[in-house]
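The report below considers how far the coordinates can be trusted and then turns to pairs of charged side chains. Please keep the sequence and the structure in view while reading.

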Amino acid sequence: MSVYRTERKLLYLLIVVMARAEVQDNISQECKQFLYMGTMPRGLEEQPLKKICQYYSGKPRFFTLYDTFSHTPVYSAYTFKRSDGSKKVDVPWMYEPQLSLVSGSREMMQFPSVNIHKSFEDSQAVLDDYSDTVIFERGQLNPDEHQADPDDKAATYTLTNVVPRVREFNIGPWKVHEHTIRKRLNNYCRGTAYVVTGVTTSGQSIRRHNINRLGIPTYLWSAYCCVDFDHNAPYSERLKFPAFAAHGLNDRENNRVQEMRVQQLEDFLKRVTYVSSSFQIFYDNCVSPNTVNSPLHSA
């Protein structure tokens, strides 16, 4: 038995040394690339949340603000890549060892085949949390269809980028919304599109062994910022630049996704969740410092 335990300990230590995404007190310069003007959404500073620079295959891929109490992300921030919307179906689900222990490497990593996840499940979701849920599916905040490079797609398959999403909402209104945004940004965003997608919660949880394991989102919300866009786009689309937003109820019914101005989403979130009165998703409301104010920017 002692040899078996020693082997398990060695295997776990090997996993810890080999791969960790990077949890940071302050965002590194290389991870600021996923945030408009390198700035996080303002108004969540007082919350005890973890900043994760999501590394995969040696490169930073996106940024996540993570709640280790509810074992779900508050939001993921990423840069949209033009794509055909295809999904990468051969990627195993991954986790973030650095949430549990001080690390060496910064890479996310595949769940181990041996049952050692109890060493890190106190700080994050594990596959068992989703195994017996009938109503909910694993829903990505940074969806793989908004990425093009195979490694960028693969990096979205970490449970720190996932929330429990009601199946009818996940495969229906929210999936349609992700398609809509992909097509819009593909067609009319000429520069970099910055996207922030997050959740609100109300205390409901998925339980396992009579323990609260996963915070269930009440609403999903998302916003994008693209200051370099096609000014010759159809008027109905041009009005949705440089920034636009949406939210939807994570439920089987009344789950229509509503699009709106970013400021309207911010006002909504101030009413329904714990953000402060100064909450702002994009620095200076996504107005480029090189752009003269116009009706499009002030709308």
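Over residues 1-20 the pLDDT (the predictor's confidence in each residue, from 0 to 100) stays under 50, and for this stretch the model has 29 contacts beyond four places in sequence, a contact meaning heavy atoms within 4.5 Å. Residues 292-299 also have a pLDDT below 50, with 12 contacts in the model beyond near neighbours in sequence. Where pLDDT is low, the predicted coordinates should not be read in detail. For the protein as a whole, the mean pLDDT is 86, and 85% of the residues reach 70 or more.

The model is predicted, so that local features need pLDDT of at least 70 and side-chain atom pairs count only at pLDDT 80 or more, while totals for chains, interfaces and linings use all residues. Residues are numbered from 1 along each chain as its sequence is written, and side-chain values use heavy atoms, with hydrogens and water left out.

Side chains of opposite charge can pair when their charged atoms come close. With a salt bridge taken as a side-chain nitrogen of Lys or Arg within 4 Å of a carboxyl oxygen of Asp or Glu, a search of the whole structure finds 17 salt bridges. Among them are the following pairs.

| Pair | N to O distance |
|---|---|
| Asp152 and Arg61 | 2.9 Å |
| Arg208 and Glu121 | 3.0 Å |
| Arg208 and Asp129 | 2.7 Å |

The salt bridge between Asp152 and Arg61 links distant parts of the chain, since Asp152 belongs to helix 3 (residues 150-155) and Arg61 to strand 3 (residues 59-67), 91 residues apart; helices (H or I, at least four residues) and strands (E, at least two) are DSSP runs, numbered from the N terminus. Asp152 is buried at a relative accessible area of 12%, and Arg61 is buried at 5%, where buried means under 20% relative accessible area, exposed over 50%, and partly exposed in between (1.4 Å probe, protein chains only).

Arg208 forms a salt bridge with Glu121; because Arg208 lies in strand 9 (residues 193-208) and Glu121 in the loop between strand 6 (109-110) and helix 2 (128-131), this pair ties together parts that are 87 residues apart in sequence. Arg208 counts as buried at 12% relative accessibility, and Glu121 is buried with a relative accessible area of 12%. Arg208 also meets Asp129 in a salt bridge, which joins strand 9 to helix 2 across 79 residues, and Asp129 counts as buried at 3% relative accessibility.

Elsewhere, salt bridges that share partners join Glu145, Arg165, Lys175, Glu178 and Arg182 into one network.
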